[in-house]
Amino acid sequence: MEPSPHRVVVLALAGLLPFELGIPHRIFGRAEDGAGRPLYEILTCGLAPGPVPTDADFDIHVAHGPELLATADTVVVPASYELGPAHEEGRLTEELAAALAHIRPGTRLVSICTGGYVLAAAGYLDGRRATTHWASAAHFQRLFPAVRVDPDVLYTDDGDVLTSAGVAAGIDLCLHIVRRDHGAAVANDAARRTVVPPHREGGQAQFIERPMPEPQLATTTAARAWVLDRLHEPLRLTDMARQEAMSVRTFTRRFREEAGISPGQWITGRRVERARELLEQTELSMEQVARESGFGTAQSLRKHVQAALGVSPTAYRRTFRATGGAGGSGAIPPSPDGPSVDAGSLH
């Protein structure tokens with residue numbers, strides 16, 4: 001008998017942001033196995049069945065009440081502008097506390113943007129690293145001193161509790177969860193179906209100086225495309241800058257402004273992603289995987305995969321193969337928020 005899809009229950013609270021409410025449905029709903037079967041079942045509940053007001057000029061109708069939370073493998077709390085005491089005093093209302101009491105021990109908890117206030121007010125984030133929208137980070141830290149707030153990252157992964165920054169960072173976090181559960185190939189396919197970038201590291205900065213490059217300024221897009229075709233080759237910063245007819249100094253500054261991380265960090269992340277796909281989908285030896293992904297040697301491969309994923313390449317392959325790429329929550333160990341960068345990533 002085929003296993004049931006992993007159930008994701010999204011908690012819709014009054015004042016929710018429709019865009020962020022839709023992120024889990026869109027990303028998890030596009031994740032499929034090799035036979036085209038859905039890997040997740042996504043349902044929505046409220047504090048009671050019925051209409052839930054949003055921050056827009058319409059309400060949404062939710063068919064399920066909080067009892068649905070007891071059936072969840074993963075619970076997602078999107079942002080809301082009407083969190084009341086959770087946002088103002090760091091405590092839950094009786095109604096919200098009663099709803100969260102339905103969540104079974106061991107259920108994976110996820111917040112998007114200010115949804116983290118709910119998890120923090122419930123005590124789920126005490127002693128853990130977490131993030132929220134950069135504009136709320138200082139207030140969040142004052143209200144919840146037991147939480148280790150990191151205001152500069154897109155998302156955090158603490159195993160069974162994950163948090164994201166605002167708006168589009170929720171997409172990055174959901175793709176990270178799919179990648180963690182089912183591997184890079186499934187996550188990349190879900191990203192392609194949604195027409196979004198397949199991977200931004202959690203450690204990437206929230207606030208990028210120029211999120212959308214000004215039209216009159218050259219961007220680094222051509223250089224990145226050039227790199228992706230040559231990950232297995234030695235890569236030099238001078239060659240990347242040449243693709244955009246820039247000096248190295250200008251290119252490095254522009255790349256960081258546009259991507260939020262350095263060229264070396266970005267390349268290392270892409271190489272780790274390539275290594276993951278090879279470990280998941282091929283029988284290549286570690287030396288071959290290292291060469292194909294651009295790390296050169298098995299030792300370098302081990303160093304970077306361990307730093308990025310928290311496990312060795314051999315353990316990653318063994319875990320993925322043991323679960324058939326669909327191991328449910330935590331099948332693949334959680335990764336730190338972004339890979340480390342070796343000084344030799346660029347020459």
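In this predicted model, Tyr40 touches a varied set of residues beyond its neighbours within four places in sequence: Pro5, His6 and Val8, then Phe28 and Ala31, and finally Ile177, Val178, Asp181 and His182. Several of these names return in the description of the largest nonpolar core, which has 36 residues. Tyr40 is among the residues with the most contacts inside that core, together with Val8, Ile27, Phe28, Ile60, Ile177 and Val178. Both helices and strands build this core, with at least two residues supplied by each of β1 (6-11), α1 (18-28), β2 (40-45), β4 (59-62), β6 (108-112), α6 (169-182) and α7 (184-194). The most generous contributor is α6, which gives seven residues. A second core, separate from this one, holds 31 residues, including Leu68, Ala99, Ala120 and Val161.

These cores belong to a chain of 347 residues, 52% of which count as buried. The chain contains 14 helices and ten strands. Of the contacts between residues at least 6 apart in sequence, 67% join residues at least 24 apart.

A charged side chain is also found in the buried part of the chain. Glu20 lies in helix α1, and it counts as buried because its relative accessibility is 1%, under the 20% cut-off. Apart from its neighbours within four places in sequence, Glu20 is in contact with Pro78 and Ala79, with Ile112 and Cys113, and with Gly166 and Val167.

One of these partners, Cys113, deserves a closer look for its backbone. Although Cys113 is not a glycine, it has a positive phi of about 60°. Cys113 sits in the loop between β6 and α4 (116-121) and is buried, at 7% relative accessibility. Ala245 is another non-glycine residue with a positive phi, here about 55°. Ala245 belongs to the loop that links α9 (237-243) and α10 (248-259). Is Ala245 buried or exposed? With a relative accessibility of 74%, Ala245 counts as exposed, whereas Cys113 counts as buried.

Tyr155 offers a further buried position. Tyr155 is placed in strand β9 (residues 155-157), and its relative accessible area is 2%. The C-alpha atom of Tyr155 lies 9.9 Å from that of His133, a residue 22 places away along the chain.

Turning to helix packing, helix α8 (residues 221-228) and helix α11 (residues 263-281) have axes that come within 11 Å and cross at roughly 35°. The crossing of α8 with α11 is right-handed. On the α8 side the contact is made by Arg224, Val227 and Leu228, and on the α11 side by Trp266, Ile267 and Arg270. Sorted by class, this contact comprises four nonpolar and two charged residues, with no polar ones.

Finally, a word on confidence. The mean pLDDT of the chain is 87, and 85% of the residues reach 70 or more. Two stretches call for caution. Over residues 207-216 pLDDT stays under 50, and the model has 13 contacts beyond four places in sequence for this stretch. Residues 336-345 likewise stay under 50, and for them the model has 30 such contacts beyond four places in sequence. Where pLDDT is low, predicted coordinates should not be read in detail.

Technical notes. Residues are numbered from 1 along each chain as its sequence is written. This is a predicted model: local features need pLDDT of at least 70, side-chain atom pairs count only at pLDDT 80 or more; totals for chains, interfaces and linings use all residues. Side-chain values use heavy atoms; hydrogens and water are left out. Axes are lines fitted to C-alpha atoms, for helices over the stretch in contact, and angles run from 0 to 180 degrees between N-to-C directions. Helices (H or I, at least four residues) and strands (E, at least two) are DSSP runs, numbered from the N terminus. A crossing is left-handed if the near helix is turned anticlockwise from the far one by less than a right angle, and right-handed if clockwise. Contact means heavy atoms within 4.5 Å. Ala, Val, Leu, Ile, Met, Phe, Trp, Tyr, Cys and Pro count as nonpolar, Asp, Glu, Lys and Arg as charged, and the others, Gly among them, as polar. A nonpolar core is a set of buried Ala, Val, Leu, Ile, Met, Phe, Trp, Tyr and Cys residues joined through side-chain atoms within 4.5 Å. Buried means under 20% relative accessible area, exposed over 50%, partly exposed in between (1.4 Å probe, protein chains only). pLDDT is the predictor's confidence in each residue, from 0 to 100.
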